[in-house]
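I opened the model to look up a surface patch, a buried position and a pocket, and I note here what I found.

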Amino acid sequence: MNTCYIFGAADGLPEKFEREDSDLVIAADAGIRFLEKLNILPDIAVGDFDSLGFIPDCKEVIQHPVMKNDTDTMLAVKTGFERGFKRFVIYGGAGGRPDHTYANYQTLCYISTCGGKGFLCFNGYTATAVRNGSVSFANSASGNISVFSASGKISGVTLKGLLYELQNAVLDFDFPLGVSNEFIGENAEITVSNGTAVVIWSGGINDLCE
């Protein structure tokens, strides 16, 4: 599936980056500085550019006012949707300011609500949002995995192939029942029948069975 890669300026940026010709690369504001270090020119630069301090010179620039409702990352996601992309990988969107990190978890939920798949990659961890659906992991996945409600009380939560399994359970927003689970060398699946969950695991996108 074609991927829209979005680069921010926070922690968790990859040491190297490769793309397919059909992918889209968007720099969200100061995220362009990282791409410049790799000698990569983004397809689009999006944001108000207050963090960057100047308007970048690249193929396409979409400038927004500083006083706006969307974060620069959200603006990049919306741009990706407008260009026909439904799979998003976000780098440099965690760490730094905790409110910005939390906002990007909400951005994952927005992507899921709009029918897309979004992944936030940072410091050896990956997060995604699952809305009325499921996410599966290969038996090679290892380490820990946590599941949190992101939309109040969510129901029909089933965890298979993990150390702690659940069957048709309910998770609520105010109690972290799904924290600190573990992969056990089996194919694993997390299903949410009604609502949205944020799933965070120690590993990368290559752990998934997409």
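I looked first at the surface, where Leu 163, Tyr 164 and Ile 184 form a nonpolar patch with about 300 Å² of accessible area together. Patches take residues with over 30% relative accessible area and no salt bridge, nonpolar side chains (Val, Leu, Ile, Met, Phe, Trp, Tyr) being joined within 5 Å; a salt bridge is a side-chain nitrogen of Lys or Arg within 4 Å of a carboxyl oxygen of Asp or Glu, and areas are Shrake-Rupley values with a 1.4 Å probe.

The model is predicted, so I kept in mind that local features need pLDDT of at least 70 and side-chain atom pairs pLDDT 80 or more, while totals for chains, interfaces and linings use all residues. Residues are numbered from 1 along each chain as its sequence is written, and side-chain values use heavy atoms, without hydrogens and water.

I placed Tyr 164 in the loop between strand 9 (154-160) and strand 10 (166-171), strands being DSSP E runs of at least two residues and helices H or I runs of at least four. Tyr 164 counts as exposed because its relative accessibility is 51%, the cut-offs being over 50% for exposed and under 20% for buried.

I then turned to Ser 112 in helix 3 (residues 98-113), which is buried at 11% relative accessible area. Leaving out residues up to four places away in sequence, Ser 112 touches Ala 129, Val 130 and Arg 131, with contact meaning heavy atoms within 4.5 Å.

Definitions and conventions
Buried means under 20% relative accessible area, exposed over 50%, partly exposed in between (1.4 Å probe, protein chains only). Patches are made of residues with over 30% relative accessible area and no salt bridge: like charges are joined within 9 Å, nonpolar side chains (Val, Leu, Ile, Met, Phe, Trp, Tyr) within 5 Å.
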